[in-house]
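Me: Could you examine the end of this chain closely, and then relate it to the rest of the fold? Please give the cut-offs behind each term as you go.

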Amino acid sequence: MNDSFMKNLELLTPEGKPNYAAYLLADENGVSVQIAKYANDNRVNLIENRDFGRCSLMKAFNSVMERMTVENTVFTKIGVPLREERELINSVAMREGVVNAIVHNDYSNGSCPKFEFFSDRLEITSAGGLPFGFDQEDFFQGHSSPRNKEIMRVFRDLEL
């Protein structure tokens with residue numbers, strides 16, 4: 001990307017160097033994005049552990065969504081006159097959870113988004129609390145204070 005493009009996306013420091021958001025969006029970085037699958041409803045029997053990070057957050061998002069789609073079982077009930085299908089996890093809600101976990105994670109302390117499948121649930125972990133100056137009441141009233149506005153903008157511009 002040229003400097004004008006990076007400046008428009010707020011991916012440069014005041015000195016004109018790529019900032020941390022640019023690093024997270026780069027083709028190669030040191031950030032992990034993990035998926036784990038357990039045999040039961042606890043963390044005792046790990047069956048799969050994958051890292052989809054070390055690449056741009058957009059590529060990591062796409063890889064995580066592909067894996068989530070595989071895990072999202074569709075249950076079918078044959079009925080008369082129609083057959084009914086129901087996903088284990090609503091795919092729209094699941095996608096939104098993955099986007100939010102990746103876009104709003106606090107990467108400054110080395111934490112990474114984590115997606116864990118159990119026999120009875122999916123847990124999504126994204127590091128960070130409420131942004132500075134933001135309280136619980138603000139949150140529950142629906143106010144927004146993006147943690148990584150540059151990353152959020154790039155995901156929005158790419159219609160992710």
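Reply: E159 lies in the segment after α6, where helices are DSSP runs of H or I with at least four residues, strands are runs of E with at least two, and both are numbered from the N terminus. The model is a predicted one, in which local features need pLDDT of at least 70 and side-chain atom pairs count only at pLDDT 80 or more, while totals for chains, interfaces and linings use all residues. Numbering starts from 1 along each chain as its sequence is written, and side-chain values rest on heavy atoms, with hydrogens and water left out.

The backbone at E159 has a phi near 60 degrees, a positive value in a residue other than glycine. E159 counts as exposed because its relative accessible area is 70%; exposed means over 50%, buried under 20% and partly exposed in between, with a 1.4 Å probe and protein chains only.

A positive phi is also found at E10, again near 60 degrees and again in a residue other than glycine. E10 sits in the loop between α1 and α2. Its relative accessible area is 39%, so E10 is partly exposed.

How, then, does E10 relate to the helix that precedes E159? The side chain of E10 meets that of K149 in a salt bridge, at 3.3 Å from N to O; the term requires a side-chain nitrogen of Lys or Arg within 4 Å of a carboxyl oxygen of Asp or Glu. The pair links distant parts of the chain, since E10 is in the loop between α1 (3–8) and α2 (20–25), whereas K149 belongs to helix α6 (residues 149–157), 139 residues apart. K149 is partly exposed because its relative accessibility is 46%. In general, side chains of opposite charge can pair when their charged atoms come close.

The link between E10 and K149 belongs to a wider set, as the structure holds 13 salt bridges. Another instance joins E48 and R50, whose closest N and O atoms are 3.7 Å apart. R50 has a relative accessible area of 38% and is therefore partly exposed. E48 also pairs with R67, at an N to O distance of 2.6 Å. Because E48 lies in strand β2 (residues 46–51) and R67 in helix α3 (residues 57–71), this contact ties together parts that are 19 residues apart in sequence. Both E48 and R67 are buried. Through salt bridges that share partners, K37, E48, R50, R67 and E71 form one network.

Two members of this network also appear at a pocket, K37 and E71 being part of the lining of the second largest one. A pocket, on a 1 Å grid over the protein atoms alone, is an open set of points where a 1.4 Å probe fits, with protein on both sides within 12 Å along at least five of seven lines; lining residues have an atom within 4 Å of a point. The remaining residues that line the second largest pocket are Y38, L88, I89, F117, F118, S119, D120, R121 and L122. The largest pocket, for its part, has 15 lining residues. Those that lie nearest its centre are H104, P131, F139, S145 and R147.

One further backbone feature deserves mention. The peptide bond from V80 to P81 is cis, and its omega is near 5 degrees. P81 occurs in the loop between β3 (74–77) and β4 (84–87).

These details may now be set within the whole chain. The chain contains six helices and six strands, and their order along the sequence reads α-α-β-β-α-β-β-α-β-β-α-α. Of its 160 residues, 33% count as buried, E48 and R67 being among them. Taken along the principal axes, the box filled by the C-alpha atoms is roughly 65 × 35 × 30 Å.

To return to the part in question, E159 is placed after α6, and K149 in that helix is joined by a salt bridge to E10, a residue of the loop between α1 and α2. E10 and E159 each have a positive phi near 60 degrees. By accessibility, E159 is exposed, while E10 is partly exposed.
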